[in-house]
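Biologist: I'm new to reading protein models, and I'd love some company. Could we go through this one together, question by question?

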Amino acid sequence: MQLYNTLSAEERARLIDEAGKERLTLSFYAYAKIEDPKKFRDDLFIAWNALDALGRIYVAHEGINAQMSVPADNFEAFRETLEAYDFMKGIRLNVAVEQDNHSFLKLTIKVRNKIVADGLNDETFDVTNKGVHLRAKEFNSLLEDPNTIVVDFRNHYESEVGHFEGAITPDVENFRESLPIINEQLQDFKEDKNLLMYCTGGIRCEKASAYFKHQGFKNVFQLEGGIIEYTRQIKEEGIESKFIGKNFVFDHRLGERITDDIIAQCHQCGKPCDNHTNCANDACHLLFIQCDECKAAMENCCSTECQETIHLPWEEQVAKRKGLQVGNKVFRKGKSEALKFKKSGDLPDKPLAKAETKDIRQKIKVKKTLIGKAEHYYSKSKIAQFLIENNELAVGDKVLISGPTTGDQEITISQIFVNGVFSDTAKAGDQITFELPFRVRLSDKLYKILDSENA
Ligand SMILES: [Zn+2]
Ligand SMILES: [Zn+2]
């Protein structure tokens, strides 16, 4: 029985695109008593692999914590695999607001000591004595109460792009660190204030609320299902969002927009921006915020050193990396001297800018015709490859490249390679390549723009 991934991320991405089926990004967790986490892990792998479910999942004696991508068609079958366990009967699955078929490209289930690294000694307090769970509406009204202190239990790079108005946003790199800091900071408020806590999906608050009650806090409340479930409820029930900006997520999207407020800045130029990225230098991989202009100018690097490094021959890059600390680089602190505009700790509630609306009705109406699809992107040389399926394309034509991750990008074709040679035109069946400053995804569509007019 195969219990591990046999496909690379790239192969998987290609298969997903070829299948052309919608996938759902979702998360869930459950605390339980699991006798044999190793067996539990293997059983889940077999059941989920059969359903083409992907994701990053942690299991432990204390339960399960999962972030996943599941084919929409298999959603009910997937739910049944959970319902097979008593402790997951009727479990709430947090489905992401923005969907992306490539949110996860592998199925990774790991056995850990704990499902959340909280640094707590569970034997010393009653983990079942939790805070009161609040729905979005109740959370909002308690936020209005002057007697309330609201605390963000996420890390600095998460709260930087989005948080609840008036929240305390500890300058911490991980959850474990935040607990003693918050406890210390709120010493004098144990008796009479409402301690209102929230995190991304609710899991961090599950045990933290019990810990704070044990520490002597009398009125402890937690946002049920975290920001993800809050967002779903405000949309469904038409409630005002008291959360501003983006919800940071741990898949390759790195963030879901909740309101159009941009509260963060590009770490390099200071312009309002809340797009996280990872430094293109694999040896660095620093998580930081970078605007499109800086991304182009810096070639997606965090510093000039990294930019120099990516131009070295690969062997030299590898040699340079020797002796450097690798490890959990992806979310490595997210802090560097090179980043001038990084903000953490006390964060403002005032938006710096508004994100461009996605409302299609306000967009300029473009007459276009579908002519092909993206097949590949060569990141090093910044060359995109498309297959022309209908119509034809000529130098000087304006095209629109469109997809869920790429968005809508318009460019004018100045030079094309057709089946490997320079040519002025390409027709159906031709494989073409041309330079493109941004990455295209396999599912992206290529349109020829016939003419534009204001709607
Ligand atoms: Zn910038
Ligand atoms: Zn870097």
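Modeller: Happily! What follows is a set of questions and answers about a predicted model.

Biologist: Let's begin with the metals. Which residues coordinate the zinc ion (ligand 1)?
Modeller: Look for sulfur atoms at 2.3 Å from the zinc ion (ligand 1). In sequence the donor residues follow the spacing C-x2-C-x21-C-x2-C. Reading along that pattern, the donors are Cys266, Cys269, Cys291 and Cys294.

Biologist: What is the arrangement of the donor atoms at the zinc ion (ligand 1)?
Modeller: A handy reference is that four ideal tetrahedral donors give angles of 109.5 degrees. Here the angles among the four donor atoms run from 103 to 113 degrees. To count as tetrahedral, all angles must lie between 85 and 135 degrees. The site of the zinc ion (ligand 1) is therefore tetrahedral.

Biologist: How many residues apart in sequence are Cys269 and Cys291?
Modeller: Cys269 sits in the loop between strand E13 (261-262) and E14, while Cys291 sits in the loop between E15 and H9. The pair links distant parts of the chain. Their separation is 22 residues.

Biologist: Which of those two, Cys269 or Cys291, is buried?
Modeller: Buried means a relative accessible area under 20%. Cys269 has 37%, so it counts as partly exposed. At 2%, the buried one is Cys291.

Biologist: On to the other zinc. Which residues are the protein donors of the zinc ion (ligand 2)?
Modeller: Again, follow the SG atoms, which lie 2.3 Å from the zinc ion (ligand 2). The donor spacing in sequence is C-x4-C-x17-C-x3-C. The donors are Cys279, Cys284, Cys302 and Cys306.

Biologist: Which arrangement do the four donor atoms make around the zinc ion (ligand 2)?
Modeller: The angles between the donor atoms are what we need, and they run from 105 to 116 degrees. Because of those angles, the arrangement is tetrahedral.

Biologist: How many residues apart in sequence are the parts tied together by Cys279 and Cys302?
Modeller: Cys279 lies in the loop between strand E14 (276-278) and strand E15 (287-289). Cys302 lies in the loop between helix H9 (292-297) and helix H10 (304-310). Both Cys279 and Cys302 are buried. The pair ties together parts of the chain whose separation in sequence is 23 residues.

Biologist: Now the helices. How are H4 and H8 oriented to each other?
Modeller: Two packed helices are described by the angle and the distance between their axes. For helix H4 (residues 136-144) and helix H8 (residues 226-237), the axes are 9 Å apart and the angle is about 100 degrees. Angles of 65 to 115 degrees count as roughly perpendicular. H4 and H8 are therefore roughly perpendicular.

Biologist: How many residues in the contact of H4 with H8 are charged?
Modeller: H4 brings Ala136, Phe139 and Asn140, and H8 brings Tyr230, Gln233 and Ile234. Four of the contact residues are nonpolar and two are polar. The number of charged ones is none.

Biologist: Is Met68 buried or exposed?
Modeller: Met68 is in strand E3 (residues 63-71). Its contacts beyond four places in sequence include Leu24, Phe28, Trp48, Phe78 and Phe104. Leu24 is 44 residues away in sequence, with the C-alpha atoms 8.0 Å apart. With a relative accessible area of 0%, Met68 is buried.

Biologist: How far apart in space are the C-alpha atoms of Lys21 and Pro71?
Modeller: Lys21 is in the loop between helix H1 (9-19) and strand E1 (23-31), and it is partly exposed at 47% relative accessible area. Leaving out residues up to four places away in sequence, Lys21 touches Ile16, Asp73 and Asn101. Although Lys21 and Pro71 are 50 residues apart in sequence, their C-alpha distance is 6.9 Å.

Biologist: One last puzzle. What is the value of phi at Lys382?
Modeller: Lys382 belongs to the loop between strand E17 (365-378) and strand E18 (383-388). Lys382 counts as partly exposed, at 33% relative accessibility. Lys382 is not a glycine, yet its phi is positive, at about 55 degrees.

Key. Residues are numbered from 1 along each chain as its sequence is written. Chains are lettered from A and ligands numbered from 1 in the order in which they are written. This is a predicted model: local features need pLDDT of at least 70, side-chain atom pairs count only at pLDDT 80 or more; totals for chains, interfaces and linings use all residues. Side-chain values use heavy atoms; hydrogens and water are left out. Axes are lines fitted to C-alpha atoms, for helices over the stretch in contact, and angles run from 0 to 180 degrees between N-to-C directions. Helices (H or I, at least four residues) and strands (E, at least two) are DSSP runs, numbered from the N terminus. Angles under 35 degrees count as roughly parallel, over 145 as roughly antiparallel, 65 to 115 as roughly perpendicular and the rest as oblique. Contact means heavy atoms within 4.5 Å. Ala, Val, Leu, Ile, Met, Phe, Trp, Tyr, Cys and Pro count as nonpolar, Asp, Glu, Lys and Arg as charged, and the others, Gly among them, as polar. Donors are N, O and S atoms within 2.8 Å of the metal (3.2 Å for Na, K and Ca); water is not among the atoms, so sites may look incomplete. Four donors count as tetrahedral if all angles lie between 85 and 135 degrees; four count as square planar and six as octahedral if opposite donors are over 155 degrees apart and all others between 65 and 115; anything else is irregular. Buried means under 20% relative accessible area, exposed over 50%, partly exposed in between (1.4 Å probe, protein chains only).
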